[in-house]
Amino acid sequence: MKQNRIALFSAFLACVMMCFVSLAQVSAAENETAEKTDAEGWISLFNGENLDGWKIPNYGGEGEIFVENGILTMGMGAMVTGITLDKPFPFKTNYEIEVEAQRTMGFDFYAAITFPVGDQGHTTFINGGWGGSLFGFSCINGFDASENETMKLLTTKNNRWNTFRVRVYDDRIEGWMDNEKVVEYPRDENKFSTRFEVEYSEPVGVTNYCCETQIRAIRCRELPKTEK
């Protein structure tokens with residue numbers, strides 16, 4: 001009987017210790033997230049020093065990628081060049097991703113953002129495709145940005161910094177350039193996917209096409225569910 005009590009007490013102590021360890025791990029994870037969140041709620045995904053937390057997919061014919069003086073450069077390749085997040089992305093809906101980038105060479109999309117749309121799939125915000133002017137989401141219901149309702153033509157210029165942003169709400173997705181909302185599309189009963197050229201960018205990635213890109217910031221944050 002005494003041995004049984006000792007065994008039960010030992011098991012109880014082991015359970016208590018496991019609970020303390022689990023709580024400590026959760027607390028550490030929360031503290032780590034809090035340290036990466038600024039006063040406006042932004043979580044930096046690019047540290048300005050190296051590619052920690054990112055991987056370089058083998059798209060085929062991609063350009064050189066390196067970080068120098070706080071700037072991430074994606075060199076001009078034969079087709080797609082880009083980076084893909086190599087750690088869990090904290091959001092699926094009610095969030096935004098922001099990328100500060102400029103095109104320094106070439107004439108096509110230079111900071112296309114691939115992102116998750118809830119559990120409906122992924123899509124890509126194309127900025128400056130088809131010679132530098134086409135904006136939209138690729139793909140929606142199987143049609144890329146040049147073939148669906150989100151297509152919009154805008155002027156882009158080399159050696160000019162732009163801020164590109166995608167916002168995902170429960171009912172819609174949005175694409176922004178600087179302070180202008182460029183495109184918007186409802187989520188209900190629509191299917192979202194990526195073109196084969198950027199499929200390796202899922203779940204979150206930034207790509208260019210036949211051009212050279214410089215990036216100085218990539219970040220994300222949660223959005224209020226009620227925001228319109």
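User: Why does Arg 165 count as buried?

Analyst: In this predicted model, Arg 165 has a relative accessibility of 11%. The cut-off for buried is under 20%, so Arg 165 counts as buried.

User: Where does Arg 165 lie, and what is it in contact with?

Analyst: Arg 165 lies in strand S11, residues 162-168. Leaving aside neighbours within four places in sequence, its contacts include Glu 96, Ile 97, Glu 98, Phe 125, Glu 174 and Trp 176.

User: What makes the pair Arg 165 and Glu 96 a polar contact?

Analyst: The two side chains come to 3.2 Å. A polar contact needs N or O atoms within 3.5 Å, and the value of 3.2 Å for Arg 165 and Glu 96 meets that limit.

User: How do you know that Arg 221 forms a salt bridge with Glu 96?

Analyst: The closest N and O atoms of Arg 221 and Glu 96 are 2.5 Å apart. The limit is 4 Å between a side-chain nitrogen of Lys or Arg and a carboxyl oxygen of Asp or Glu, so the pair qualifies.

User: Why does this pair tie together parts that are 125 residues apart in sequence?

Analyst: Arg 221 belongs to strand S15 (residues 211-222) and Glu 96 to strand S6 (residues 95-106), so the salt bridge joins parts that are 125 residues apart in sequence. Both Arg 221 and Glu 96 are buried.

User: Which salt bridge does Lys 152 form, and what makes it one?

Analyst: Lys 152 forms a salt bridge with Glu 180, with the closest N and O atoms 3.8 Å apart. The value lies within the 4 Å limit, so the pair is called a salt bridge. Lys 152 is in strand S10 (residues 152-153) and Glu 180 in strand S13 (residues 180-186), 28 residues apart.

User: Why are Lys 152 and Glu 180 called partly exposed?

Analyst: Lys 152 is at 31% relative accessibility, and Glu 180 is at 37%. Partly exposed covers what lies between under 20% and over 50%, so Lys 152 and Glu 180 both count as partly exposed.

User: Are the partners in the salt bridge of Glu 174 and Lys 181 buried or partly exposed?

Analyst: Their side chains meet at 3.6 Å, N to O. Glu 174 is buried, because its relative accessible area is 3%. Lys 181, at 35%, counts as partly exposed.

User: Which residues are joined into one network by salt bridges that share partners?

Analyst: The network is made up of Glu 96, Glu 98, Glu 100, Arg 165, Arg 167, Arg 216, Arg 219 and Arg 221. A search of the whole structure finds 16 salt bridges.

User: Why is Ile 173 called buried?

Analyst: Ile 173 has 0% relative accessibility, which is under the 20% cut-off, so Ile 173 is buried. Ile 173 is found in strand S12, residues 172-177. Among the residues it touches, not counting those up to four places away in sequence, are Phe 115, Val 117, Phe 137, Val 183, Tyr 185 and Phe 192. Its C-alpha atom is separated from that of Glu 96 by 9.6 Å, with their positions 77 residues apart along the chain.

User: What makes Gly 132 buried, and which residues does it touch?

Analyst: The relative accessible area of Gly 132 is 5%. Buried means under 20%, so Gly 132 is buried. Gly 132 lies in helix H2, residues 129-132. Beyond four places in sequence, it touches Arg 103, Phe 107, Asp 108, Leu 154 and Thr 156. The C-alpha atoms of Gly 132 and Phe 107 are separated by 5.1 Å, although the two residues are 25 apart along the chain.

User: Which residues touch the most other members of the largest nonpolar core?

Analyst: Of its 41 residues, these are Phe 89, Ile 97, Val 99, Phe 115 and Ile 218. Nonpolar side chains in soluble globular proteins tend to be buried together. A second, separate core of 5 residues includes Ala 112, Ile 126, Leu 134 and Ala 145.

User: What makes strands S5 and S14 a pair?

Analyst: Strand S5 (residues 80-85) and strand S14 (residues 205-209) share 5 bridges in the antiparallel sense. At least two bridges are needed, so the strands pair. Val 80 stands opposite Tyr 209 in S14.

User: Where is the pLDDT below 50?

Analyst: The mean pLDDT of the protein is 88, and 83% of its residues reach 70 or more. Over residues 19-35, however, the pLDDT is below 50, and this stretch has 1 contact beyond near neighbours in sequence. Where pLDDT is low, the predicted coordinates should not be read in detail.

Key
Residues numbered from 1 in each chain as written. Predicted model: local features only at pLDDT ≥ 70, side-chain atom pairs only at ≥ 80, totals over all residues. Heavy atoms only, no water. Helix = DSSP H or I, 4+ residues; strand = E, 2+ residues; numbered from the N terminus. Buried < 20%, exposed > 50% of the residue type's maximum accessible area, 1.4 Å probe, protein only. Contact = heavy atoms within 4.5 Å. Polar contact = N/O pair within 3.5 Å; in protein donor to acceptor, adjacent residues only side chain to side chain. Core = buried A, V, L, I, M, F, W, Y, C linked by side-chain atoms within 4.5 Å. pLDDT = per-residue confidence, 0-100.
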